[in-house]
Amino acid sequence: LSASLIVDPAFRVGAVDPRIYGSFVEHLGRCVYTGIYEPGHPTADADGFRQDVLELVRGLDVPIVRYPGGNFVSAYNWEDGVGPAADRPTRIDLAWRSIETNQVGVDEFQRWAGRAGAETMMAVNLGTRGIDEARAFVEYCNHPSGTAWSDRRRANGASDPYGIKVWCLGNEMDGPWQIGHKTAFDYGRLAAEAGKAMRLVDPDIELVVSGSSHSRMPTFGTWERVTLTEAYDVVDHISMHGYYQQHGDDRDSFLASAVDTDRFIDAVVATADHVRAVGRHSKRLTIAFDEWNVWYQSRFAGQENLPIAEAPALIEDVYSVTDAVVVGNLLISLLRHADRVKIGCQAQLVNVIAPIMTAKGGPAWRQSIYHPYALTSRHGRGTVLRPEAKSPSHETAAHGEVPLLDAVAVLQDDDRSVALFAVNRDQHEPMTLDVDVRSLPHLVTGEHLAIADDDPDAVNDRDHPDRVAPRRLAAPKVDGGRLQLVLPPLSWNLIRLT
Ligand code: AHR
């Protein structure tokens, strides 16, 4: 197989918003309890946060973490999670049929996020609750002092306001599974009024209106049009969620999942811009792709019938080399849309469909998908360039004809170095890639890291935590403004040129 690319700084998509490398911590399964928080664990600090997990989180360089849900938020009372821990109520979490002890709430999460070097993207409950609780929550978090809610926060140990900037107006309100599911019109009205009140408390916040739960939702498109018609003026971002898995033995379609992401993003942008035109609005909305990942939903069918338990092990997917290649490709899709996608949250951070796994009382380790996430987050910052690509293609059952090469380039903040992210979707053949960088004549050398393996189903686990890791391939050399690389079959690649 052979393909070619021209990388030219004249073809700019836009600046990368680092928040596309965000993540998500939900009160779900073992994400919070025995994930980020486990008092009594050998590495726990005085607040009960696992230091081993924090170290792995820092390795991802996560700028923003969405919290506390997810489906969980749609029946959550945030007030249950503040004040003396011994006085907090234990409740049934209706979304995940779990026991919620409320030992972690907003104040603990803010402390944890500070130690992780991340800001919080907070979600309010617009399922069972509404305007009043949402505006009180903003007041608790962001108002300096001298009001009932802000003084409660100060009494709970946080004298300075948290200054939480990004707020989600509910979660997946289009989904019939959501507690307090609404029609697009009813949700749009509520989001507009709740958002208006929240912004009156703190005019500096950014608001995310809840979009479609996935691109196959029967209401997709209509949901965005109707909710945005009601809420356009109030909000800044519209959310999208997308999860992918391999169906049966159709690996070619799975490897091309980013094609679906590309089409999904383009459709949401088109719909938002349609509402903008019809409503004569001047501002342009951006996208918060605030849940995305590989998730083998078929592996976890029936979990809704498990007995109600505290911190049960729910949806703990174990990820392979192939899954890591797809995750790397989904990040390429987010980068390609840097002009409109301003926030992305890989769902979720620890244990639950996560790059980081923990054993209760035991070690923490990296899943395969950790690596493309960490490397893209570290090196994919700067300005996205649209490479001009020539690639062989093949037919897939789910997406039609797709190119075998997918790539994007990022001109780093020094305006000199380039990071090239590339996927070879062919399962069996290596791909020779000719790269033309003649318009960047200072580039001479670089490094080539790849996620590829003789066994595309290989995984990391507690006993083999580094079985899947990036491999260093032959260092590329630029000669006369051109270089040649070989992308292994079924691989995700990072090529750094300086
Ligand atoms: O991330 C797991 C779940 O997926 C979230 O709670 C929900 O928003 C989505 O359906």
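Helices (H or I, at least four residues) and strands (E, at least two) are DSSP runs, numbered from the N terminus. The model is predicted: local features need pLDDT of at least 70, side-chain atom pairs count only at pLDDT 80 or more, and totals for chains, interfaces and linings use all residues. Residues are numbered from 1 along each chain as its sequence is written.

**Confidence**

- The average pLDDT of the chain is 97, and 100% of the residues score at least 70; pLDDT is the predictor's confidence in each residue, from 0 to 100.
- For the complex, the predictor gives a pTM of 0.98 and an ipTM of 0.99.

**Ligand surroundings**

- The ligand is surrounded by E26, L28, G69, G70, N71, N171, E172, S213, E291, A347 and Q348; a residue is near a molecule if its C-beta atom, placed from the backbone, lies within 6 Å of it.
- This shell has 6 polar, 3 charged and 2 nonpolar residues. Here Ala, Val, Leu, Ile, Met, Phe, Trp, Tyr, Cys and Pro count as nonpolar, Asp, Glu, Lys and Arg as charged, and the others, Gly among them, as polar.

**Cis peptide bonds**

- G69 and G70, both listed around the ligand, are joined by a cis peptide bond with omega near 15°.
- G70 lies in the loop that runs between β4 (64-67) and β5 (91-93).
- A347 and Q348, also listed around the ligand, are joined by a cis peptide bond with omega of about -5°.
- Q348 sits in the loop between β13 (341-347) and β14 (356-358).

**Positive phi outside glycine**

- R280 is not a glycine, yet its phi is positive, about 55°. The residue belongs to the loop between α8 (257-278) and β11 (286-294).
- R280 counts as exposed because it has 6 C-beta neighbours inside 10 Å. A residue is exposed if 12 or fewer other C-beta atoms lie within 10 Å of its own, buried if 20 or more do, and partly exposed in between, with C-beta atoms placed from the backbone.
- I315, likewise not a glycine, has a positive phi of about 35°. Its loop is the one between β12 (309-310) and α9 (321-336).
- I315 counts as buried because it has 20 C-beta neighbours inside 10 Å.

**Helix α10**

- Helix α10 covers residues 370-379 and is mostly covered, with 7 of its 10 residues buried.
- The buried residues in α10 are Y370, H371, P372, Y373, L375, T376 and S377.
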